[in-house]
Amino acid sequence: MKAVKSSSLLITLFFVLGISVLLLSPAIVSAQTAAASTSELADTDCAKCHAKPPADLAANGGKHKGVGCTGCHVGHPPTVKDNIPKCNQCHGGKPHFELKGCLGCHTNPHTPLKISFGANVTEPCLTCHTDQIKQLREHKSKHSALGCSTCHNVHGKIPECLQCHKPHSAEMTAAECKKCHKPHMPTVVTYASDVPSKDCAACHKMVYETLTNSNAKHKTFACAFCHQAKHKMMPKCSDCHGVPHPAGIMAKFPKCGECHNIAHDLNHWPAKAAEKKETPKETKKKKKH
Ligand code: HEC
Ligand code: HEC
Ligand code: HEC
Ligand code: HEC
Ligand code: HEC
Ligand code: HEC
Ligand code: HEC
Ligand code: HEC
Ligand code: HEC
Ligand code: HEC
Ligand code: HEC
Ligand code: HEC
């Protein structure tokens, strides 16, 4: 900082003793308008006294490169007191350009696409992105109360869920979260048929163990094969099996569960049926709900 200050003092000194004295000397000023005198400063001159803006513009100026120093800075102090342009001189006609405090995000006009946000920004994002706020508002969750930039602290950056949350189980990876959750409506849990059953097991350990320890063909299916697409979806036996037994039996025993118990453990047959199967298991009793 000190080096910068003293060098800019030197510059000021040079400026006051040199250029400004020359410019202000009546012989020259009377012969020229202020505008004409500053127009003698070409873009190539600026770097002689201002090191950073030309370097910034050259490296990261984007489309401002094409505007050039004097395209924005018309005139020069002391002849022209304020030669700092307003953004809306050139940018208008879109909601984004009605925002206050352009330089709050575009912190350096010489590197206009280097953008930084505050920690709790939402409204300004909506001048360009509208889908996410719709989801956040239509499906209220605790995420709806967060600012967009609380998660996206750098423009375009996608946060990991695990920055802020623990996984449901030790083996669950960051990539898996999005198999069930959408960040802008996290409480609407939906999933594809390939979501692994062990992910469900993180919260439904009992069910998982009952199913995987059973002997019925159902054990070969993933949870999501039956509980399709949406969390808490409940299938009916008849969705897959239609009417499996003669009408007489069905009329007498309308509930499948009376003989087959629950879907996760079809082998909880009444004693007789179990005997016929010749596969009674001690462990079954323990699993009974
Ligand atoms: C001979 C050195 C010199 C040259 C060449 C020069 N400047 Fe400056 N410039 C200065 C000094 C010294 C100041 C500070 C003047 C003051 O604060 O009154 C300054 C101030 C400025 C400011 C105002 C900063 C503020 O805070 O208000 C801008 C903008 C600026 N210069 C842009 C340019 C541009 C663009 C060019 C080239 C077209 C240029 N300058 C060429 C020395 C120079
Ligand atoms: C698109 C318009 C634009 C262009 C092009 C531009 N500037 Fe600037 N410049 C600004 C604005 C706006 C500010 C005021 C920034 C602020 O208030 O923080 C500024 C500030 C400055 C300052 C004073 C603050 C500082 O950073 O030192 C100088 C000196 C300066 N510009 C020089 C230049 C030079 C030299 C060039 C060409 C290499 C240039 N500018 C190109 C818009 C521009
Ligand atoms: C003298 C005119 C002028 C001024 C003043 C000006 N700009 Fe620009 N700016 C342009 C032009 C021309 C472009 C390129 C065309 C476009 O994108 O509209 C541009 C492009 C941009 C871009 C996109 C850059 C890219 O590479 O895609 C940003 C961001 C930007 N301006 C921000 C600002 C901000 C913030 C300010 C005020 C600090 C400002 N501009 C002041 C003329 C200006
Ligand atoms: C909350 C932060 C924020 C504020 C405030 C802000 N911008 Fe931006 N601006 C952005 C972001 C983010 C982009 C997108 C950059 C990209 O495309 O990578 C952008 C893009 C731009 C662009 C280029 C794209 C386009 O639509 O033309 C211009 C020009 C621009 N801003 C000018 C301005 C001006 C002028 C203001 C003040 C009236 C302003 N910005 C205020 C964040 C902001
Ligand atoms: C001036 C318009 C503008 C503003 C304002 C703006 N963005 Fe963007 N944003 C863009 C553009 C353009 C892209 C690139 C789009 C693409 O690649 O499909 C983008 C990309 C993104 C991405 C990455 C998208 C992806 O598919 O990877 C995120 C996240 C994002 N913006 C968040 C934000 C947040 C948060 C804010 C407010 C703090 C914001 N944006 C403000 C224009 C803007
Ligand atoms: C709780 C954190 C969080 C909040 C709050 C949040 N996002 Fe996101 N956003 C994400 C994550 C994570 C992704 C990545 C989604 C993916 O990969 O499928 C994302 C993706 C995006 C994308 C890329 C396109 C898309 O929809 O997938 C944009 C643009 C975006 N967010 C903008 C916003 C805006 C604007 C806001 C505020 C209205 C916002 N986000 C609020 C976490 C968040
Ligand atoms: C920047 C931090 C952050 C990120 C990143 C983030 N969250 Fe959150 N999330 C929160 C906070 C804060 C809460 C509210 C916690 C509380 O009040 O107990 C929350 C709450 C939730 C809730 C409960 C919502 C409710 O209304 O009950 C779910 C589900 C959730 N997050 C899932 C996710 C998923 C999935 C991701 C990744 C796509 C993610 N979060 C990314 C901060 C974050
Ligand atoms: C197999 C689907 C699934 C996967 C994968 C998944 N979740 Fe969840 N998550 C849920 C369900 C279902 C709930 C809601 C439970 C309820 O209703 O209480 C939930 C709730 C949450 C909550 C709210 C608080 C809580 O613990 O109940 C957070 C936070 C959360 N998940 C974060 C994550 C993160 C982070 C990941 C990735 C590591 C992730 N989830 C992966 C299904 C999943
Ligand atoms: C983050 C923990 C969590 C995860 C992961 C999770 N669930 Fe749940 N699940 C719950 C909670 C909590 C309930 C509500 C329990 C209650 O109401 O007694 C529930 C309820 C259910 C119900 C409805 C029970 C009823 O009586 O209505 C089904 C079906 C279900 N979950 C299946 C699944 C499936 C399939 C998966 C994997 C794709 C899964 N769950 C993943 C926590 C979770
Ligand atoms: C999403 C579809 C689906 C649902 C829902 C479903 N099943 Fe099944 N079930 C199957 C399939 C597929 C088989 C294996 C058929 C085969 O391989 O012959 C099967 C097999 C069976 C068997 C034979 C078991 C064995 O080991 O031989 C019985 C009994 C059975 N289901 C009863 C039920 C009952 C009772 C319910 C409701 C509580 C039910 N199912 C719900 C798809 C389903
Ligand atoms: C009165 C007891 C009883 C009721 C009620 C009952 N079942 Fe069965 N079910 C049986 C018996 C016994 C078998 C034959 C077991 C064997 O052969 O090992 C059987 C076999 C099945 C099979 C396997 C058929 C095959 O060809 O492998 C399916 C599927 C089945 N039942 C589905 C259902 C469904 C769905 C319901 C309810 C709509 C239901 N059952 C109600 C006793 C019952
Ligand atoms: C073959 C289809 C099928 C499979 C596979 C299946 N379920 Fe179920 N599930 C059902 C049916 C049908 C019910 C309704 C209760 C009944 O009739 O047995 C149910 C009930 C439930 C319930 C609520 C009742 C209870 O026992 O808590 C939960 C939670 C549940 N299932 C979770 C799971 C999980 C987790 C998995 C994977 C480990 C899974 N289910 C695998 C068909 C299935």
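This report describes the overall make-up of a predicted model, the surroundings of two of its ligands, and a handful of individual residues.

**Overall picture**

The protein has 289 residues, of which 9% count as buried, and its secondary structure consists of 18 helices and zero strands. Among the contacts with a separation of 6 or more, 58% join residues that lie 24 or more positions apart. The mean pLDDT is 85, and 79% of the residues reach 70 or more. Confidence is not even along the chain, however: over residues 1-38 the pLDDT stays under 50, and for this stretch the model has 20 contacts beyond four places in sequence. Residues 272-289 are likewise below 50 in pLDDT, with twelve contacts in the model beyond near neighbours in sequence.

**Surroundings of ligands 9 and 5**

Ligand 9 is surrounded by 14 residues, the closest being Cys200, Cys203, Cys223, His227 and Lys232. Two elements, α11 (197-201) and α13 (223-226), each give two or more residues to this shell. By class, the shell around ligand 9 is made up of eight nonpolar, four polar and two charged residues.

Around ligand 5 there are 14 residues, and those that come nearest are Cys125, Cys128, Cys148, His152 and Gly156. This shell holds seven nonpolar and seven polar residues, and no charged ones.

**Backbone features**

Most residues other than glycine have a negative phi, and most peptide bonds are trans. Lys232, one of the closest residues to ligand 9, has a positive phi near 80 degrees. Lys232 sits in the loop between α13 and α14 (237-241), and it is exposed because only 6 other C-beta atoms lie within 10 Å, where 12 or fewer is the criterion. Asn261 also has a positive phi, near 55 degrees, and is placed in the loop between α16 (257-260) and α17 (271-277). Asn261 counts as buried because 20 other C-beta atoms lie within 10 Å, and 20 or more is what that class requires. The peptide bond from Pro77 to Pro78 is cis, with omega near 5 degrees, and Pro78 belongs to the loop between α6 and α7 (102-105).

**Residues paired across the sequence**

The table gives three pairs of residues with their separation along the chain and the distance between their C-alpha atoms.

| Pair | Separation in sequence | C-alpha to C-alpha distance |
|---|---|---|
| Leu162 and Ala175 | 13 residues | 9.7 Å |
| Pro53 and Thr111 | 58 residues | 8.9 Å |
| Cys72 and Cys90 | 18 residues | 9.4 Å |

Leu162 lies in the loop between α9 (148-151) and α10 (177-180), and it counts as exposed because it has 12 C-beta neighbours inside 10 Å, which is within the limit of 12 or fewer. Apart from neighbours within four places in sequence, Leu162 is in contact with Pro167 and Ala174.

Pro53 is part of helix α5 (residues 52-60), and with 18 C-beta neighbours inside 10 Å it is classed as partly exposed. Cys72 belongs to helix α6 (residues 69-72) and is also partly exposed, having 19 other C-beta atoms within 10 Å. Setting aside neighbours within four places in sequence, Cys72 is in contact with Val67 and Pro85.

Methods:
Residues numbered from 1 in each chain as written. Chains lettered and ligands numbered in written order. Predicted model: local features only at pLDDT ≥ 70, side-chain atom pairs only at ≥ 80, totals over all residues. Near = placed C-beta within 6 Å. Helix = DSSP H or I, 4+ residues; strand = E, 2+ residues; numbered from the N terminus. Nonpolar A, V, L, I, M, F, W, Y, C, P; charged D, E, K, R; others polar. Contact = placed C-beta atoms within 7 Å. pLDDT = per-residue confidence, 0-100.
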